[in-house]
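Thank you all for coming. Please have a look at the structure on the screen, and I will then walk you through some of its strands and helices.

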Amino acid sequence: MLPPTGRRTPFLALTAVAVGLFVVGGILLVGRLGVPAEAPSPSFSGPSAAPTDPTATPEGAVRAFFMAFATARQTDDPAAIASLVTGTNSPAYLSVSSFLDGQKAAKKASIVTVLRLENLISTINGGSASVTFDYTEGGYDIDLQSGSALESPKILPAYHVTAILRNSGSRWLVDSYTSRP
């Protein structure tokens with residue numbers, strides 16, 4: 001119901017302003033729906049661009065290796081790291097394979113929920129490199145058959161790790177690693 005004639009003009013003006021604000025708000029809201037919460041980082045081409053293959057740098061190869069190791073722990077299958085090491089006879093592969101065989105013999109696997117590689121320092125010397133870093137891992141063991149948790153999640157103390165890598169063409173591959181508290 002419209003107000004009496006004398007008050008109709010201000011009422012229509014207020015209604016028009018309200019409708020206008022509603023429309024403008026709707027346009028702004030719809031325009032923002034397609035925008036991600038964080039603007040993507042610009043992508044660069046040329047020599048300063050980040051490599052698409054993580055094994056193109058020693059640090060990237062080490063990160064890829066430990067991510068693959070975390071994945072392999074879910075099934076106790078070392079195949080996930082095979083393409084990231086110098087060979088299946090390398091100390092890195094044998095270490096991971098032995099650890100996973102022990103887990104499998106105990107009929108358990110692991111879910112890694114925390115994986116931090118921090119303070120990475122790379123030293124390249126010709127066709128080999130060393131990467132030192134602080135490694136923090138957390139998670140929990142599961143029953144290998146049922147997948148049910150065998151313990152509560154926990155974060156282990158950080159270890160200082162040194163990884164030795166070899167260059168293979170355009171890729172760096174992990175050959176061995178050692179850790180200490």
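**Strands, helices and a few contacts**

Let me start with a single pairing, in which Glu118 stands opposite Asp134 in β2. I should say at once that what you are looking at is a predicted model, and I will try to keep that in view as I go. The pairing I have just mentioned belongs to strand β1, residues 108-125, and strand β2, residues 128-143, which pair in the antiparallel sense over 15 bridges. These two strands form a hairpin with two residues between them, and in the turn Gly126 has a positive phi of about 65 degrees.

Staying with β1 for a moment, this strand also contains Val112, whose C-alpha atom is separated by 4.4 Å from that of Gly139, although the two residues are 27 apart along the chain. If we leave aside the neighbours within four places in sequence, Val112 is in contact with Glu137, Gly138 and Gly139, and also with Ala70 and Arg73.

From β2 we can move on to strand β4, residues 159-168, since eight bridges join the two and they run antiparallel; here the bridge partner of Phe133 is Val161 in β4. Strand β4 in turn pairs with β5 in the antiparallel sense, this time over nine bridges. Within that pairing, Ile164 has Ser176 in β5 as its bridge partner, while Ser168 stands opposite Arg171, also in β5. The hairpin of β4 and β5 has two residues between the strands, and Gly169 in this hairpin takes a positive phi near 70 degrees.

Now to the helices. How do α2 and α3 lie relative to each other? Helix α2, residues 58-72, and helix α3, residues 91-105, pack at an angle of about 20 degrees, with their axes 11 Å apart. Angles under 35 degrees count as roughly parallel, and α2 and α3 are therefore roughly parallel to each other. The crossing in which α2 passes α3 is right-handed.

As for the residues that meet there, α2 brings Phe65, Phe69 and Ala72, and α3 brings Ala92, Val96, Phe99 and Leu100. Sorted by class, this contact has seven nonpolar residues, with no polar and no charged ones.

Finally, a search of the whole structure finds seven aromatic pairs, and I would like to show you one of them. Phe66 and Tyr177 form a pair that is edge-to-face, at 5.5 Å centre to centre and with 70 degrees between the planes. This pair links distant parts of the chain, because Phe66 is in helix α2 and Tyr177 is in strand β5, residues 171-180, with their positions 111 residues apart in the numbering.

Methods
Residues are numbered from 1 along each chain as its sequence is written. This is a predicted model: local features need pLDDT of at least 70, side-chain atom pairs count only at pLDDT 80 or more; totals for chains, interfaces and linings use all residues. Side-chain values use heavy atoms; hydrogens and water are left out. Two strands pair if DSSP finds at least two bridges between them. Helices (H or I, at least four residues) and strands (E, at least two) are DSSP runs, numbered from the N terminus. Axes are lines fitted to C-alpha atoms, for helices over the stretch in contact, and angles run from 0 to 180 degrees between N-to-C directions. Angles under 35 degrees count as roughly parallel, over 145 as roughly antiparallel, 65 to 115 as roughly perpendicular and the rest as oblique. A crossing is left-handed if the near helix is turned anticlockwise from the far one by less than a right angle, and right-handed if clockwise. Contact means heavy atoms within 4.5 Å. Ala, Val, Leu, Ile, Met, Phe, Trp, Tyr, Cys and Pro count as nonpolar, Asp, Glu, Lys and Arg as charged, and the others, Gly among them, as polar. Rings of Phe, Tyr and Trp (its six-membered ring) pair if their centres lie within 6.5 Å; planes under 30 degrees apart count as stacked, over 60 as edge-to-face and the rest as tilted.
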